Amino acid sequence: MKRKLVISACLAVITLTSFGYYVFSHSAYPEVAIVGEWKEVSWVYDRNNVDEKVKQEIGEDERIDIANHLVIHEFENWTFKKNYSIKLHERTGKEHWAKWRLKDRGRILTLLNNDGTTEAYSVESLKKNELVLHFDTDVHARGIVKITLKKVN
């Protein structure tokens, strides 16, 4: 009886260890998944009040007003490097470099600019080919802006 109990306990430990190894070895770490080049495809208001959810497209002029204090307002391609640097590409060819970090288990993206300023974005979704970021704004009306990026390569 005691021998069956020991064998059952060993099998249970082996099964749980194998399952844990499988789950952790096949899960995508956000720091790995975010590396690559991403292209902005849309800016929309996700919410304009705490309780009100909207899906209003943001035009180019309004986008510049909203993100005037952010470095990202001029750039449409973001390249996350493995060494935690990010290259932001402007349409005109101008580039900006910063450092990136994912905090809180990949839920917060911070950009540390060369001038010492820091920008924080909420990572709403990070999939194989889509990255959705949110940030709060109080330009025109208090709300949350949703930036959607598609992976280029």
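Is Phe75 buried or exposed? Let's start there, friends. Phe75 is buried, because its relative accessible area is 2%. Buried here means under 20% relative accessible area, exposed means over 50%, and partly exposed is in between, using a 1.4 Å probe and protein chains only.

A quick word on what we are looking at. This is a predicted model, with residues numbered from 1 along each chain as its sequence is written. Local features need pLDDT of at least 70, side-chain atom pairs count only at pLDDT 80 or more, totals for chains, interfaces and linings use all residues, and side-chain values use heavy atoms, leaving out hydrogens and water.

Now the overall layout. The protein chain has three helices and nine strands. Helices (H or I, at least four residues) and strands (E, at least two) are DSSP runs, numbered from the N terminus. Going along the sequence, the pattern reads α-α-β-β-α-β-β-β-β-β-β-β. The protein chain has 153 residues, and 37% of them count as buried. About 10,100 Å² of the protein chain is exposed, with carbon and sulfur atoms supplying 56% of that; these areas come from the Shrake-Rupley method with a 1.4 Å probe, and for residues only the protein chains shown count as cover. As for contacts, meaning heavy atoms within 4.5 Å, take those between residues at least 6 apart in sequence: 43% of them join residues at least 24 apart.

Back to Phe75, which is found in strand 3. Leaving aside residues up to four places away in sequence, Phe75 touches Glu40, Arg63, Leu88, His89, Glu90, Lys94, Glu95 and His96. You can also look from Phe75 across to Gly93: the two are 18 residues apart in sequence, and their C-alpha atoms are 9.5 Å apart in space.

Next, the core. How many residues does the largest nonpolar core have? It has 25 residues, and those with the most contacts inside it are Phe80, Leu109 and Leu133. By a nonpolar core I mean a set of buried Ala, Val, Leu, Ile, Met, Phe, Trp, Tyr and Cys residues joined through side-chain atoms within 4.5 Å. The elements giving two or more residues to this core include strand 1 (36-47), strand 3 (75-80), strand 7 (118-126) and strand 9 (143-151).

Let me stay with Phe80 for a moment. Not counting residues up to four places away in sequence, Phe80 touches Ile34, Val35, Gly36, Trp38, Ser85, Ile86, Trp100, Leu109 and Leu131. One of those partners, Ser85, is found in strand 4. Ser85 counts as buried because its relative accessibility is 8%. The side chain of Ser85 also makes a polar contact with the side chain of Asn83, at 2.6 Å. A polar contact is a pair of N or O atoms within 3.5 Å; within protein, one must be able to donate a hydrogen and the other to accept it, and residues adjacent in sequence count only if both atoms are side-chain atoms.

On to the rings. A search of the whole structure finds six aromatic pairs. Rings of Phe, Tyr and Trp (its six-membered ring) pair if their centres lie within 6.5 Å; planes under 30 degrees apart count as stacked, over 60 as edge-to-face and the rest as tilted. Why is the pair of Phe80 and Trp100 edge-to-face? The planes of these two rings are at 85°, so the pair is edge-to-face, and the centres are 5.5 Å apart. This pair links distant parts of the chain, with Phe80 in strand 3 and Trp100 in strand 5, 20 residues apart. Phe80 is buried at 1% relative accessibility, and Trp100 is buried with a relative accessible area of 1%.

Tyr121 and Phe135 also form an edge-to-face pair, 5.8 Å centre to centre with 90° between the planes. Tyr121 lies in strand 7 and Phe135 in strand 8, so this pair ties together parts 14 residues apart in sequence. Both Tyr121 and Phe135 are buried. Ring pairs link Trp43, Trp78, Phe80, Tyr84, Trp100, Tyr121 and Phe135 into a cluster.

Finally, a loop to look at. Between strand 5 (95-103) and strand 6 (108-113) you will find Asp104, which has a positive phi of about 55° although it is not a glycine. Asp104 is partly exposed, with a relative accessible area of 44%. Arg105 lies in the loop between strand 5 and strand 6, and its phi is near 55°, a positive value in a residue other than glycine. Arg105 counts as exposed because its relative accessibility is 77%. Thanks for listening!
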